Amino acid sequence: MATPHNSANIGDIAKTVLMPGDPLRAEFIANTFLENPVRFNSVRNMYGYTGTYKGKQISVMGSGMGMPSVGIYSYELFQEYGVEQIIRIGSAGAYSEDLKIFDVVLTESAYSESSFAKTMSGYEEPYTYPDEKLNQTIARTARELGMDIKSCRIHSSDVFYRQGDADYYIRLRDELGCKAVEMESFALFHVAKALGKSAACILTISDSFVSPEITTAEERQTSFTNMMNLALESAVRECE
């Protein structure tokens, strides 16, 4: 049964979905890592694919940028298509010198000034959280792969271009413990919690507020392979 934003039929989408923001990153993952990928959605060019990885059925689909967008796609995947787990795989900007370009981050919690959760279901706390069991699976998989990942709280922002108050990130870092910023996890975690599902977020640092280092758009689309591999290997373990 199609939705206004997804042309897939019931059964086209796996129980576990990897969700980058960029639909072209979803396409890259499907064509690079999945066996026999089949595209199940192209509405609004928000590509989604299902294939197999090490014999397990896995789907990957873009979420778009920002909380309203990821809120729509994750809600429909969970509620309409029977998806059980979503692992967001995205890019983030570092607020802390502890995080360097291309570092892989596992999100422990998401802080936001957003009204998304309050508007959706009356939740008024400024923090949302990933599924503990899914995070444990990802952390264990990283250890098994010999991959060094950082775990921290992140800031989910509604605004990319913020005017005035150039030092706002310092307060978020030093007073609230936010080590990096992105724009989707707060909403994804809330949607999953509200619907009794599981969500987690793995990020790759693509730029920094405390360093001049930055990645290109092409690198963000195709070069975050450590994060992609960790998500796929974790998804396989979740399917066992």
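## Helix crossing

In this predicted model, helix α4 passes helix α8 in a right-handed crossing, a crossing being right-handed if the near helix is turned clockwise from the far one by less than a right angle. The two helices, α4 at residues 132-144 and α8 at residues 225-239, pack at an angle of about 120°, with their axes 9 Å apart, where axes are lines fitted to C-alpha atoms over the stretch in contact and angles run from 0 to 180 degrees between N-to-C directions. They are therefore oblique to each other, a class outside the ranges under 35, over 145 and 65 to 115 degrees.

## Nonpolar cores

The largest nonpolar core (buried Ala, Val, Leu, Ile, Met, Phe, Trp, Tyr and Cys residues joined through side-chain atoms within 4.5 Å) has 36 residues, of which Ile13, Met61, Leu77, Val83, Ile86 and Ile205 touch the most other members. Elements giving two or more residues to this core include α2 (67-81), β5 (85-94) and β10 (198-208). Apart from this core lies another, of 30 residues, among them Ala30, Tyr49, Leu230 and Leu232.

## Helix α6

Eight of the ten residues of α6 are buried, so this helix is largely enclosed by the rest of the structure; buried means under 20% relative accessible area with a 1.4 Å probe, counting protein chains only. Among the buried residues of α6 are Phe186, Leu188, Phe189 and His190. Helices here are DSSP runs of H or I with at least four residues, and strands are E runs of at least two, numbered from the N terminus.

## Basis of the values

Residues are numbered from 1 along each chain as its sequence is written. Local features need pLDDT of at least 70, side-chain atom pairs count only at pLDDT 80 or more, and totals for chains, interfaces and linings use all residues, while side-chain values use heavy atoms, with hydrogens and water left out.

Terms used
Buried < 20%, exposed > 50% of the residue type's maximum accessible area, 1.4 Å probe, protein only.
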